[in-house]
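Welcome, and please open the structure in your viewer. We will go from stop to stop, with something to select at each one.

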Amino acid sequence: MASTAAGKQRIPKVAKVKNKAPAEVQITAEQLLREAKERELELLPPPPKQKITDKEELNDYKLRKRKGYEDNIRKNRTIISNWIKYAQWEESLNEIQRARSIYERALDVDHRNITLWLKYAEMEMKSRQVNHARNIWDRAITILPRANQFWYKYTYMEEMLGNIAGCRQVFERWMEWEPEEQAWHSYINFELRYKEVEKARTIYERYILLRLIIMLFHPEVKNWIKYSRFEERHGYIAHSRKVFERAVEFFGEENIDENLYVAFAKFEERQKESERVRVIYKYALDRIPKQQAQALFKNYTMFEKKFGDRRGIEDVIVSKRRFQYEEEVKANPHNYDAWFDYLRLLESDADPDAVREVYERAIANVPPIQEKRHWRRYIYLWINYALYEELEVKDPERTRQVYQACLELIPHKKFTYAKMWLMYGKFEIRQKNLPGARRGLGTAIGKCPKNKLFKGYIELELQLREFDRCRKLYEKYLEFSPENCTTWIKFAELETILGDVDRARAIFELAIGQPRLDMPEVLWKAYIDFEIEQEEYDNTRELYKRLLQRTQHVKVWISYAQFELSIDSSDRLQRCRQIYEEANKGLRSCEEKEERLMLLESWRDYEQEFGSDGSRERVKKLLPEKVKRRRKLTAEDGSDAGWEEYYDYIFPEDSANQPNLKLLAMAKMWKKQQQQEDEVEENEQQSPQAEDEDESVEGSLAAEKESGESMDEKKVPESTYDDRADDKEGGGGGGGSSSSSSSSSSKSESEDEQPSKKDKCGDSDKE
């Protein structure tokens with residue numbers, strides 16, 4: 001540090017960084033490392049090569065290296081790699097004795113190091129010191145007999161030297177230790193290389209017998225399969241088959257394995273023994289659990305496709321599908337669809353006992369909840385069971401038992417199945433047991449009456465031509481369900497067919513007198529058609545009048561008019577026209593304008609075909625005018641939902657439009673008076689003023705009309721407009737809207753406004 005004259009220390013100034021913003025190009029640590037590697041900054045130059053020119057330099061070099069190795073060993077004797085490097089260096093100098101001494105010293109340190117023994121023995125074999133190598137291998141396998149590398153190297157060395165007897169002796173010593181499977185196969189392959197098949201078979205037998213004890217707890221089949229293939233490969237077919245038979249007997253049914261049977265079947269297939277193959281597959285499929293037999297199924301199917309007939313292939317497929325269905329029903333016993341598929345498969349190709357067994361298993365899974373929707377699929381199991389017993393097995397007694405058991409099982413107090421009762425009744429009839437059928441259906445009606453039950457029972461008695469029983473059943477049916485119009489109609493039709501018209505008419509009268517009916521219009525139509533068919537036209541007219549007292553529906557009026565038109569009489573046209581007029585009067589108060597329009601259109605068609613020009617013109621004047629209107633919509637929460645356009649019909653004869661017509665007539669009179677006054681006062685401006693007056697009169701008429709509609713809008717909360725073309729005469733012949741009519745107050749206001757001047761009309765027009 002610098003010092004001033006006064007003795008004070010001067011601190012150097014630190015440079016201030018003015019621009020502290022980051023640099024545009026940033027350098028990362030990764031980039032620094034990459035550049036260092038590219039420039040090889042961390043690589044050290046190789047040491048210089050030393051050239052030895054004489055023996056002294058060589059001895060000095062050896063001394064230095066040995067001293068370095070000894071120092072390393074002295075530092076840590078347990079590092080075997082230092083010993084191995086030291087010995088390999090001595091070996092590279094052909095100092096075998098020194099290398100051997102180093103290996104021996106190393107073995108004193110760690111005699112269980114496998115690498116050390118291997119390097120030691122390899123050095124002796126490289127230097128062709130066979131006896132030394134044998135000595136080392138003997139010492140190694142004596143100290144470490146479970147190290148398979150020593151045995152493999154030892155036997156390989158003896159075999160390469162051609163010492164077959166010595167190699168076999170080493171193998172025998174090895175086998176005494178009961179090594180792993182690969183060791184036995186190495187011994188067998190050694191014998192096979194020298195064509196010693198009998199000795200190889202003996203070794204296989206020893207190995208199999210040895211493994212029997214071990215496999216009692218962990219059985220394996222691959223050794224048996226290999227033994228059998230060995231016998232087959234050398235042409236001993238009988239021996240190979242015997243090996244398979246011994247394996248099947250040894251494993252039994254407790255430790256059965258599909259791989260053994262697949263291999264056995266493939267062996268027989270190679271020997272062209274198709275029947276044996278089929279027997280083996282079937283034997284295995286009957287004993288192996290289904291979930292463990294996937295490969296067995298696959299191979300059996302392939303075999304049948306290659307060598308079997310159609311029947312055999314179908315058997316295999318059926319067996320496979322049966323296994324799948326068994327798994328499904330085990331997983332979910334209430335999966336009735338799986339039961340249906342399973343039973344359909346069995347019914348196609350199985351004996352009745354097996355099918356019955358599966359049916360019994362299926363129907364044993366009763367739905368846990370007593371609700372009809374849960375029982376629908378289940379009931380069909382019983383139905384299929386009964387049909388199978390009746391049609392396939394042809395056992396009527398068992399079929400009857402199935403039906404009775406099912407009907408006892410159903411909780412009839414909560415719900416029932418009419419289909420089951422009816423099928424039981426039809427079955428008894430097929431068995432010519434009519435009393436039994438009637439007894440069953442009667443029990444059904446007594447326990448759980450139902451529309452379908454009554455219909456089926458009545459249809460059955462009709463087919464048997466038991467009409468008295470049908471009458472009784474209809475009476476019971478109507479007591480059970482008096483509001484059913486179809487039942488009344490069918491009952492009346494039955495009496496009509498039997499020729500008892502009075503009884504049929506009485507039934508219809510009772511029917512229309514019921515306080516509650518599900519389809520009264522159908523019943524009245526049937527009654528009217530019945531009277532028309534009997535040509536009782538007066539009764540028909542009375543029926544129409546009684547019906548019109550109950551309802552003023554437009555279709556009833558049209559039907560009444562068409563009925564009068566269809567009668568062959570002299571006054572039919574007059575009667576028909578009279579009905580149309582009455583209908584038109586009756587429907588004036590109807591809110592549904594479409595029905596009134598439908599009536600007028602039907603009347604118009606009638607007049608076009610049968611009427612005169614005057615009547616046609618009269619009906620034409622009654623037809624409404626179709627206008628487009630607009631009304632305000634309101635949402636559910638009361639807010640404004642916009643406007644909606646709709647079509648409305650304006651009928652000319654509506655009494656609600658008469659005040660508007662009077663107002664228009666008075667406006668015309670006022671228009672004429674105004675024109676006369678203007679002609680006297682302003683003769684020279686007659687033409688333009690007349691046009692202005694016409695426009696003002698038209699505006700006043702429109703204003704009057706709008707005022708009438710505005711008064712109606714106060715009564716009806718909707719905004720409407722009329723898009724018809726305005727008549728130059730102020731809407732002549734215009735009837736008011738049926739949905740809006742002017743009140744007496746609007747009429748009085750219009751009369752007060754009549755003597756007003758042109759400016760008054762202009763104001764109303766603006767409004």
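Start by selecting the residues that join two helices: N451, F454, K455, Y457, I458, E461 and L462 in α23 meet F467, R469, C470, L473, Y474, K476, Y477 and F480 in α24. Contact here means heavy atoms within 4.5 Å. Helices are DSSP runs (H or I, at least four residues), strands are runs of E with at least two residues, and both are numbered from the N terminus. By class, this contact of α23 with α24 has 10 nonpolar, 1 polar and 4 charged residues. In that count, Ala, Val, Leu, Ile, Met, Phe, Trp, Tyr, Cys and Pro are nonpolar, Asp, Glu, Lys and Arg are charged, and the others, Gly among them, are polar.

Before moving on, a word on what you are looking at. This is a predicted model, in which local features need pLDDT of at least 70 and side-chain atom pairs count only at pLDDT 80 or more, while totals for chains, interfaces and linings use all residues. Residues are numbered from 1 along each chain as its sequence is written, and side-chain values use heavy atoms, with hydrogens and water left out.

**The same pair, seen as axes**

Now show α23 (residues 451-463) and α24 (residues 467-480) in full: their axes come within 9 Å and cross at roughly 170°. The axes are lines fitted to C-alpha atoms, for helices over the stretch in contact, and the angles run from 0 to 180 degrees between N-to-C directions. That angle makes α23 roughly antiparallel to α24. The cut-offs are under 35 degrees for roughly parallel, over 145 for roughly antiparallel, 65 to 115 for roughly perpendicular, and oblique for the rest. Which hand does the crossing of α23 and α24 have, left or right? The crossing is left-handed. A crossing gets that name if the near helix is turned anticlockwise from the far one by less than a right angle, and is right-handed if clockwise.

**A418 and L434**

Next, select A418, which lies in helix α21 (residues 418-430). Is A418 buried or exposed? At 2% relative accessibility, A418 counts as buried. Buried means under 20% relative accessible area, exposed means over 50%, and partly exposed is in between (1.4 Å probe, protein chains only). Setting aside residues up to four places away in sequence, A418 touches K450, K452 and L453. Try a distance label too: the C-alpha atoms of A418 and I445 are separated by 9.6 Å, with the two residues 27 apart along the chain.

Then pick L434 in helix α22 (residues 434-447). L434 is partly exposed, with a relative accessible area of 27%. Apart from neighbours within four places in sequence, L434 is in contact with I429 and L464.

**Two more helix pairs**

Move along to helix α25 (residues 485-497) and helix α27 (residues 520-533), whose axes come within 9 Å and cross at roughly 15°. The two are therefore roughly parallel to each other, and α25 passes α27 in a left-handed crossing. To see the contact, select C485, W488, I489 and T496 of α25 with P520, V522, L523, A526 and F530 of α27. Those residues divide into 8 nonpolar, 1 polar and no charged.

Further along, show helix α29 (residues 554-566) and helix α31 (residues 593-610). Here the axes come within 9 Å and cross at roughly 15°, making α29 roughly parallel to α31. This crossing is right-handed. Its contact is made by V554, W557, I558 and L565 of α29 and E595, M598, L599, S602, Y606 and F610 of α31. By class there are 8 nonpolar, 1 polar and 1 charged residues.

**Two loop residues**

Go back towards lower numbers and select R128, in the loop between α5 (114-126) and α6 (130-143). Phi of R128 is near 60°, a positive value in a residue other than glycine. Most residues other than glycine have a negative phi. R128 is exposed, with a relative accessible area of 72%.

E178 is next, in the loop between α8 (164-175) and α9 (181-193). Phi of E178 is positive as well, near 50°, and at 46% relative accessibility E178 counts as partly exposed.

**Cysteines, then the whole view**

Select C167, buried with a relative accessible area of 0%, and then C576, buried at 1%. How many disulfides does a search of the whole structure find? The search finds 0, taking a disulfide as a pair of cysteine sulfur atoms within 2.5 Å.

Finally, zoom out. The secondary structure of the protein comes to 36 helices and 2 strands, and buried residues make up 38% of the 767 residues. Among contacts between residues at least 6 apart in sequence, 51% join residues at least 24 apart.
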